[in-house]
Each structure stands twice: as structure tokens, then as C-alpha cells.
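This report concerns the internal cavities of a protein structure. Please keep the sequence and the model at hand while reading.

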Amino acid sequence: MILVWLMLILFAGGIGAWLAESRGSDHPRAVALAAILLDLFLVIMMLLVPDAMGLGGDSVAELGQTGEWLVLMEADWIPRFGVSFIFGVDGLSMLLVALTVFLGLIALGSAWGEIKERSGFFYFNLLWTLAGVIGVFTALDLFLFFFFWEVMLIPMYFIIAIWGHENKEYAAMKFFIFTQVSGLLMLLCILLLVFFHFQNSGVLTFSYFELLGTDVPEALAMLTMLGFFIAFATKLPAVPVHNWLPDAHSQAPTAGSVILAGVLLKTGAYGLIRFTVPLFPDASVAFAPVAMTLGVVSILYTAKVAYAQTDLKRLIAYTSVSHMGFVLLGVYAWNAQAMQGAVMTMLAHGLSAAALFMLAGGLQHRIHTRDMDKMGGFWGVAPKLSFMAMFFTVAAVGMPGLGNFVGEFLVLLGSFQVSHTITAFAALGLVVAAVYSLIVIQKVFHGKNKNNYKMADLSAMEMMCFGLMMIGLIWMGMYPQSMLDMAEPTLRNLDVAFP
Amino acid sequence: MSSDALIDLLQIILLTVTTVVVMITAAFRRDHGLINSLTQAGLAASLLIFVFVEPITPLQVTPLLIIDEYSLFFSALAIIGGMAVTALAYPYFEKHNKLNEEFYLLVLTATLGAVVLACSNQFVSFFIGMEMLGVSLYAMIAYPIHSEKVAKHPLEASIKYLIMSGIASAMMLFGMALIYAVTGSFEFASLATSHSGLGQSETLIMVVGHLMLLAGVAFKLSLVPFHMWTPDVYEGAPVPVTAYLATVSKSSMVAVTLRLLLEADAFAFTQLTIALSLLAAASMIFGNLLALMQSSVKRLLAYSSIAHLGYLMVVVIAAAAVPDLLSIESVGFYMAAYFFTSLGGFAVISALSNSGKELDSITDYQGLYWRNPWLSTVLIIVLLSLAGIPLTAGFIGKFYIFTTGVEGQLWFLLSMLIIGSAIGLYYYLRLIYTMLQPASTNLKDDPAAARMPLGTNLLMAAMVFAIIWLGVYPMPIIETLQSLAATF
């Protein structure tokens, strides 16, 4: 039930924020803050005192599951189709849910002073997106999963379409159509899978546990798997279905970019780990070389493209694609180190990309441009902001001691056991990353302030947000074991399913 | 005639009585409000009558009509449509048009025709019902012709509909005649038994007969390439009538067509399946493509309805391969979802229009969200449902189509459906986006700022409730549909 509460608080908070607007334009953000803090409190309690929060054996054993699951619940929804509410978290989901709620707070912080117009509807959409994402990370019925997959999409569309920048209509439309069409493809493949399961066993069900191990005819297994893969690769995103992302990120308001980069992309990676590979082990083995190659192409190609950008947000967007290439590589290398690396990269990139987008958004808010050619010498004008930019850029590049390094290093370590060539190329990505990152620092923060921009340095609120993310990254870099331990049972279990 | 038969006919009798009462009252006392209320009361009584009197189903009442759960479901839809149109018509015509009373007479006869169609299981009642519905619609479309400022071109729309509909009826009659020439029967069920033992030339005549029937049906359902009339008629007709055309006239036609195809075992002729597949694919693709270019909301909805009937045809085609139970259930659900969604959409347009001036251009909807949040929320929910987004009826409807299509293994049509839906997203989103833009500042007499009449508000609230309810908790209606499919 605790999982449902996490979502209900956000759904209700969203409606509350919307209604609160009539009492004054500052009220919605207070309501939203209360809802997110309450959620964060619940999540922290779940992490610290799992027993008191109802996590542990009973609910899991009732549903005939063991091991890695911390909590499970089941209730009927549409028995006609064998659809039910099955929610559950294991270590992997738990980490991602925690990341979601934490970044929700950060997004709220970045919207705090930025969103002045129609704030009620904005916070409504923000909270509903977060609720949808939590639903994606916890739903274990494929119908329910698809349902949340779409629920997180529409509020995000509104966020980009209403509060976005100059080219928002195009960006919002592109974002929606890419995700929706690949989603429909996934729906079709979910139905195919259910249909095969029904043919084999005579039971119509969408339950993840039942569908695991479905015997799909060999000729169709690959096609069905591809439907899932395309949907998740679009969200991840991987080359060649990545090109909605630079537009969506650069046009979205800061809070939207933070959520997009920090959380929404992770749903794609999560889908690959949770659904694509376990549901279609054989087809995935056959497909792994292609997927790993796509991962490497994503890493190198988008790093190159990032280098050529002059729009700061677009540049960060392309680097996101590049980093998510490591995740794709890690998932399809499918051994303990690579998987752990993929999970660490997801978490660390969630923080570093969110921070970078928040910085870029903050800069745009202050000087009304994202064009790097017009910037320069900001270190003298806004030292705190520049220091933060330096820190998170270095983190994204993979400085040892910070989270991203651990993740990418583990991915490379794992994939090296699978393919030397692919790993060698992927490792090049680290070099290119250093090049484009240093260019940013040089262009924006060093040199001469050509246009004599004056700007306010980071506010206390912003310092707090960045500080929290900094602590998170250092924690991940110094003591990754705490997170690896949580994800380990899940990954071990998957490892068994996928020799 | 037994008392059982009389009980089962109560709905139709009540509708007929209401028609006569409204006619006589209008002859003596011209009072728009009174006539409107009488019509509404009569329709409500006929909708609710079977709540109080248990009908005996299934029962063949006279050789012409069959009353079973299937017919009751589609009759209920038709009457709900009639009530919705009656509710919308009052504010639409009041103060903008003289002599409004006869309009309700036409709504009643059209609804009666739709109910007869839903209850028909042979060609005679099929034709009677279709013509009653059609002839009433000719007059309804042209109704505001004497208003001071003619909204668009109702007369042109009406004549177009009259001529095209006449041709379609003629084709259907010819088709029926050909089938009758071979089988010697008007009843759907007895056609199936005569399939065996047909000679080569007789089979050919049967195929041609069925194809001609199908062409007529395709015209009424506006499937590509028989769709030419749809956008012009939708645009020219007054909004409440467009709503009626888009919902009642489609749903009752679908009801009788599905019954014909299943009972007459028409899928035994593979040519028919091929023809239907082509119609469906063309409707999904061209309906959506043409909708992209529209600047009028009514035309946009017209093309979108073409696409939606194309989606629905996927289920009808699947009926050849999947159990009847599933296909009837799917058609029922999709039709209900489409019905409520469309009514909700037209209710919003109607709330912003009257017979003097219709708010029809997409640019008129700019900033509607900030001008009138309630109306635009309704329209956004309607558009999301049409696009098939979760939490709405349209999603479960689309899910049904996918399920049935996968089970029928119609891969080609399903891929067309995905492509069509993708194109569809674009124009639904564009309209939503327009509504979310800041409103232009120089609006004079903004109709969105006016007070909405109670009936329209109630209708919109009911439709939004129905859309969300079917989308979130569809089990009750699914159980109803399963039970009606089981007794089909």
C-alpha cells in the first residue's frame, strides 16, 4: 500500500496545487513542496527503517515471490483481460524511486523563482509527471506499466508546450509523437506476448511474473523483443531514435529539463533491464551485439555532435545521449559488473545531468540566451555558479571519486569481458567527453565577458539544490557499495534468468 | 400479438407516442421551451422504460424486429444521442431562429429510425429504419435555412447528403434484390443456410449483391472512398445535427451491419473481407492525412470520424476469424467510447455556437484554456480520448481493437492502425496546443465568456464522466457487453 500512497500523494498534491492558484500565485508551489517533502519523507523511511514501513517478507510471500522483492501488492482491475494492479519494488526500483522523488524536489527548487505564470497548472503537471514515473518504476503488470508509461507523457507535453522557449510547439510535438508511436509499438508487442502466453497456457494475464518465461515462437520472438527495445531505446535515447531529445531539452523550462534528463530517460534504461531482456532472453542474446554497437555509436556520434553545438542546452542534451550509450552498452553486456555499472551510471547521470540543465536554465533565466558564442568570462561575474558548473562538468566527464566514474568504469570493465573491440571504442568516449566539456568551461566561464553581462550569483535556494546533488555524487563516488548492495539481489536474479 | 411482444415494443411505442404528442402540441401552441421539454421527457421515458418493465429477450416481435440485449444496447445509445441533441438544440436555436418546434419532431423520427435499425434482423426493417433516419436527417441538416444569418451552408449540405444518400440507398436496394433473387429470403439468418449448394453463377450474384450492400453501408459510415460528402455535410449542418450525424447515425448503422455480417455468415465470401480491409486501411490513412490540413474544427472532427470508423472496421473484419463473442464485445465498447467522446466534443462546439454564428475555425479556439477552463478541459479530455491516451475511454477502445486484431492476426491492418494513430496525434495535439496558447487580446463578445446553459453543462459533465469512467473502471460495461454478446 505504501507504494500507492507515494503516487496518491503526488496526484492529490497536483490537484491541490492547481486549486490553490485561486488563492494567490505563490500558493501552488507551497502545496507542491509539501507533497514532495511528504513523499521524500516516506522514501527515506522506506530506506532507513524498511520493517516499520511494511517492507519485507509478508506481502511478498503472499504473492508467491521471494528474494529480491521488498514489497508487493496486488488487486483486481480489469479481470476481463487479466489486468490487475500489481505494484512492487526491489532494490533497483527503490533506488530509482528515491532518485525520482529527490530530483522532483530539485526540479521544484529550479521552478521556484522561474515559473510565475499559471503556476497552478505547472505544478499540477510536474507532480503528475513524477507520479507517472514512480508508477513506471513500480508497476509489474504490463498493462499497468504501459498505462503509467503514457501517464508520465502528457503532463510533460504540457510543461514543454506551455512554459517552453521559442520553438516549443515543434519540440513538444516531436517529443510526444516519438514517444507515443514507439509506445504503440510496445503495446502491440505486449499484446503479442500475452497472446502467446494465452495460447500456451490458456490463462489471459498481463502479470510480469506470469509472463516471464513465456515460450514465444522463435521467428516472432525477435520481432516482439524489438517492439519493446524500440520503445525503450527511444526513451533512453539511443541513436538513431534520439533526435527528439535535443529539441525537447533545449525548449523545455528548467524544471522540465531536470525531470526529463534526470528521471524520464532512466525509465527507458529501467524498461530494458526489467522487461526487454528478462522477457526475451534468447532473442536478447542474439540481439546483444547490435545493441552494444548502437550503444557505442551513441557514445561516439553524439559526443561528436555535442562538440559542434553552440546552444548550451543542446550541447548538454547531446552529452546525455552519449552517457546513456554507456547504459545501453552495460545492459547488453549483461554481466555483474556491467549491469552494476549501468545502474550506477543511471543514478549518477541523473544527478549530474539534472544539475547541468539547472545551471544552463539558470543562465538562460539570467541573460536570456543559450548561445555560447555570446557568453564568456562568467567566472568573474558569478563565481559560485561557475564553480558549480565546473564541479558538475568534471563529474559528468568521469572524474574518479565521483559517481559517474564508478558507473562508466564498471560498464567498461564488464563489457571488456564480452567484446574487446567494442569496449575499446566505448573507452574513446571518455576522451571525447573531456574535450567537449572543457570547451564549455573555456567558452562560458573563462575568457572575456564580451557582452558585459551582469548577473546575480546563485541564490541560497539554488546553492541548496546544487549542494544536495553534490553530496549525492560524492557519496556515489566514495561509497558506491551502499547502492550496489541494494541493486545486487535484483541483478543477481536477472543474471540467473539470462545465462 | 402476445403481451410479451407488446412489452418488448414499449420503447418504440413510447417514441412514436412522443412524436405524435409533440406534433399535435406544436400545432396548437408554439412554445420552444415546452416542446423541447416534452421531447426530452419522451426520450427519457423510452430510455428508462426497461428499467421498470423487464423486457423478454430475445424475442422476435413480428417478422420485422428482434428485441435482444444487443438491440437494447444500441437503442439506448441512439436515444441518449437523441437526448443530447435535444439538450444542445435549445440554446442553439433559441433567440436565433424562428419556428424551432418542428426540429424536435425530426429528432424523434430520426431516433425512431435508429432504434428500428438496431432491432432489425432482416432487409425490410433494415431499409425502413435507414430511410426514416435518412429522410429526417435531410430536413434536420437544412433546418436553419430561414434563420436571419445562415450559419454556413445548410441547404448545400442537405442537398449533398440527399443526393449521395439516395444513390447509396439505391445501391443497397439493388444489392438486397440480388441477394433475394438467389436466396428468396429477407432474413439475415436464413441467408447463411443457403450458402451451401450455390452454383457458380449464383455465388457470383451473391458476392455482387453483398458488395453493393457494403458500398451503401460504407457510404453511411463514410469510409474512404465513399466519404466525399462527410466534411461538407458536417461543416454545413448546424452543430447539434452534426453531433447526431457523427454518433447516432453511425452507431445504429454499425449495429445492423455487424448483425448482418455475423448472422448471414457473409464472411464466407472472401471477396467481402478483402473489400472491407481495403476500405478500412484507406479510411485510417486518408481520414487522418486529410484531417491534417483542416482549419475548421467541424471538418477536422469529420475526418477524424472517418479514421475512427476505419479503426472500428478492423474489429468487424476480425469477426471473420475470432469468436463472435469477442468481436461483438469490441464493437460495442469501441462504439460506446466513440459515441460519448464525440458527443462531448460537439457539445463544446455547440456551447460556443448558435445558429447565427458558429465558432468553427481553429484560430477561434486559441487561448480557450485561459478564456474558459471548463470548456477547454472538456475538449482536451475529448481529444485525448480520440487519440487513445490512457485514463480515457478511447484508450480501452483502442486496446480492444489491438486485442481483437492480434487475435485475428490482421498484421497489415494493425500496422495501418499504428500509422494512422501516429498521424492522428498530430492534429489532436495541434488543437490542444492552440487552446493552451495565450488568448489574443482583441476579442469582442467572446462566446466563451458567456454563461453556459445548464443543459449543455450537464451534458458535458456527463460525457466527461462517461469517458473517464470507461477509461478507468471499464468492468461494468464490459460485463454488460459480454452478457449481450453471449445472448446474441
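The following paragraphs describe the cavities and the residues that line them.

The model is predicted. It holds eight cavities of 30 Å³ or more. The table sets out the two largest by volume and by the classes of their lining residues.

| Cavity | Volume | Nonpolar residues | Polar residues | Charged residues |
|---|---|---|---|---|
| Largest | about 240 Å³ | 15 | seven | no charged residues |
| Second largest | about 70 Å³ | six | five | no charged residues |

**The largest cavity**

How many residues line the largest cavity? Its lining consists of 22 residues. Those that lie nearest its centre are Leu315(A), Ile316(A), Leu356(A), Thr393(A) and Val440(A). Four helices of chain A, namely α14 (312–333), α15 (336–367), α17 (383–397) and α19 (420–445), each contribute at least two residues to this lining. Of these, α15(A) gives the most, with seven residues.

**The second largest cavity**

The second largest cavity is lined by residues of chain B, among them Ala246(B), Leu301(B), Tyr338(B), Phe346(B), Val382(B) and Leu386(B). Also in this lining are Ser304(B), Ser305(B), Thr341(B), Ser342(B) and Gly345(B). Which helices each supply at least two residues of the lining? They are α12 (297–318), α13 (324–351) and α15 (373–387) of chain B. The largest share, five residues, comes from α13(B).

**Character of the linings**

No charged residue is found in the lining of the largest cavity, and the lining of the second largest cavity likewise has none. Nonpolar residues number 15 against seven polar ones in the largest cavity, and six against five in the second largest.

Definitions and conventions: Residues are numbered from 1 along each chain as its sequence is written. Chains are lettered from A and ligands numbered from 1 in the order in which they are written. This is a predicted model: local features need pLDDT of at least 70, side-chain atom pairs count only at pLDDT 80 or more; totals for chains, interfaces and linings use all residues. Side-chain values use heavy atoms; hydrogens and water are left out. On a 1 Å grid over the protein atoms alone, a cavity is a set of points where a 1.4 Å probe fits but cannot get out, and a pocket is an open set with protein on both sides within 12 Å along at least five of seven lines; lining residues have an atom within 4 Å of a point. Grid points are joined across faces, edges and corners, and a volume is the space filled by probe spheres set on the points. Ala, Val, Leu, Ile, Met, Phe, Trp, Tyr, Cys and Pro count as nonpolar, Asp, Glu, Lys and Arg as charged, and the others, Gly among them, as polar.
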